[in-house]
Protein chains: 2
Amino acid sequence: MDRDLAPDGATRLFPIVGDPIAHVRSPAGMSRAFAAAGRNALCVPAHVAAADFEAAMAGFAAQANVDGLLITMPHKFAGFAHCATASARSRFLRAVNLMRREPDGTWHGDMLDGLGFVAAAGARGGEPRGERALLVGAGGAGSAIALALIEAGVSSLAIHDVDAGRRDALVGALAARGGPPVTAGSADPSGFGFVANATSAGMAPGDPLPLDVSRLALGAFVACVETSSDASPLVLAARARGHRASTGADMFVAIRDMMVAFLLGTGAFARRGDDAGA
Amino acid sequence: MDRDLAPDGATRLFPIVGDPIAHVRSPAGMSRAFAAAGRNALCVPAHVAAADFEAAMAGFAAQANVDGLLITMPHKFAGFAHCATASARSRFLRAVNLMRREPDGTWHGDMLDGLGFVAAAGARGGEPRGERALLVGAGGAGSAIALALIEAGVSSLAIHDVDAGRRDALVGALAARGGPPVTAGSADPSGFGFVANATSAGMAPGDPLPLDVSRLALGAFVACVETSSDASPLVLAARARGHRASTGADMFVAIRDMMVAFLLGTGAFARRGDDAGA
């Protein structure tokens, strides 16, 4: 069904740019998805340190068969700076996880990490719409997730971060957008129907979990961003107490088709005239 | 037997850099050869115009998982300028078709096109050793082939080119090296046991062939560099007259294993201390 994945001279490339890079799952999964879409295209890893990002970007621009990029840590903000146009969510976050080359040679960016997080929860039975949501972690991933939770229709959002300044900056930026109430929260999840973790807290042996699972509300859903294991200690603890939970590993599967559509400019991401300044 | 050719996050890359690039055979053939050697590595196309070569090179240097490059037209001379070290044949020609990244981050170059041409002839029964050889075409490919014919042991070499200045420059450079007699020749192949074509003359319908096949010596071998068809009009005409002949398409198969060994630094191309200034 899939085309042979061996490259040939006409293969189009979609590098995934990050540091580290050896652990990422996109090259195999995205390459198979391009093949399933009938495209002669591969996603290949590009191991680029932060200090080398600008040179790498100039190199991608110089390669006429590079049609798009997947951007991972630590380049999500630096990538945005290269985009002539970007989605509204990407402009709000000033970050990208995807960039595609437009016919005029400029880069168009989007940030689907938050959508992927919400879609992963949905695939495990977690629906944020109408729920009071708690988010732990207000960094780059947390910011994207916060925006996606609001766009998914939470009734309110509380944000906790050990860095109060970072927490307050995100609360303020989201409050300025309008929408549901956004407030500062704590590590106590009692009273929240949807609980999101956007930190790596609790991954090291003996470290405390990012929130107090003993105080999760009955029926609360736990969504975790951590991809470095199939199920983080937080997810395992929540499931042990009978809560449904989604993992970071679920995210890639949940939005793979959406990423393919963005990179190829098809489906919901087809190029339109009114995208130009979007 | 081969590993699955789907890339993953740990895949090492060996781009082939050229313009045009869609026609090249290396990505599939080299990728399968890397797999057969047990390596998680792919050869991918890099479509880079001459004006963009420097930016592309800076980009490859910025990608830590790019371990080597295959260089094709029009970059063979520009690539040489990036090499801190190179083989003696590459330094004589001031051109590369392969570059590998050394442990200290510098590029080491080689030029195997001439060896490939001679190996392709050998695979079709053509042995230049001891023969009077005629070469038509004194450009980049012709220069590499001239050097390889001399190193393969021809008894003499005559060189023909419609550009007399280019012909005389190559004759002079080879004569200054010492070795067998090198002289200016013509399009008349009579008296030569090994006849090499390094031009694309005769490829367009109605164009004259690069040499007068009616005057080929009995038993003369015809080796042609042209890769854009499986057998060029010259090769077809020579075979029709009973001559053995090799094609440009034979070259890749003949030196694929040698290219893999150079790029991986194995076998005859293993890194040694005395390579440093070689």
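In this predicted model, Pro20(A) turns up in the loop that runs between strand 2 (16-18) and helix 1 (26-36) of chain A. What makes the spot worth a look is the bond leading into it: the peptide bond from Asp19(A) to Pro20(A) is cis, with omega near 0 degrees. Chain B has a cis peptide bond too, joining Asp19(B) and Pro20(B), and here omega is about 0 degrees. Pro20(B) sits in the loop between strand 2 (16-18) and helix 1 of chain B.

Another backbone oddity shows up at Arg94(A). This residue is not a glycine, yet its phi is positive, at about 55 degrees. Arg94(A) belongs to the loop between helix 4 (88-93) and strand 7 (98-101) of chain A. As background, most peptide bonds are trans, and most residues other than glycine have a negative phi.

Next comes the place where the chains meet. Chain B brings 33 residues to the contact, and chain A brings 33 residues as well. Between them, chain B and chain A bury an area of about 2300 Å², with carbon and sulfur atoms giving 63% of it. As for what links the chains, eight residue pairs are in polar contact across the interface of chain B and chain A, counting pairs with both residues at pLDDT 80 or more. Salt bridges are another story: the count across this interface is zero.

Which parts of chain B supply at least two residues each to the side that touches chain A? Helix 1 (26-36), strand 4 (45-47) and helix 2 (53-62) of chain B each do so. Helix 2 of chain B gives the largest share of that side, with six residues. Sorted by type, the residues of chain B's side come out as 22 nonpolar, seven polar and four charged.

Finally, there is the empty space inside. Rolling a probe the size of a water molecule over the atoms shows where such space is left. Searching the whole structure turns up five cavities of 30 Å³ or more. The largest cavity has a volume of about 70 Å³. Its lining is made up of 13 residues, and those closest to its centre are Leu13(A) and Gln63(A) from chain A, together with Leu13(B), Val44(B) and Gln63(B) from chain B. By type, the lining of the largest cavity holds eleven nonpolar residues and two polar ones, with no charged residues.

Note on methods
Residues are numbered from 1 along each chain as its sequence is written. Chains are lettered from A and ligands numbered from 1 in the order in which they are written. This is a predicted model: local features need pLDDT of at least 70, side-chain atom pairs count only at pLDDT 80 or more; totals for chains, interfaces and linings use all residues. Side-chain values use heavy atoms; hydrogens and water are left out. Contact means heavy atoms within 4.5 Å. Buried area is the accessible area (1.4 Å probe) that two parts lose on being put together, summed over both. A salt bridge is a side-chain nitrogen of Lys or Arg within 4 Å of a carboxyl oxygen of Asp or Glu. A polar contact is a pair of N or O atoms within 3.5 Å; within protein, one must be able to donate a hydrogen and the other to accept it, and residues adjacent in sequence count only if both atoms are side-chain atoms. Helices (H or I, at least four residues) and strands (E, at least two) are DSSP runs, numbered from the N terminus. Ala, Val, Leu, Ile, Met, Phe, Trp, Tyr, Cys and Pro count as nonpolar, Asp, Glu, Lys and Arg as charged, and the others, Gly among them, as polar. On a 1 Å grid over the protein atoms alone, a cavity is a set of points where a 1.4 Å probe fits but cannot get out, and a pocket is an open set with protein on both sides within 12 Å along at least five of seven lines; lining residues have an atom within 4 Å of a point. Grid points are joined across faces, edges and corners, and a volume is the space filled by probe spheres set on the points.
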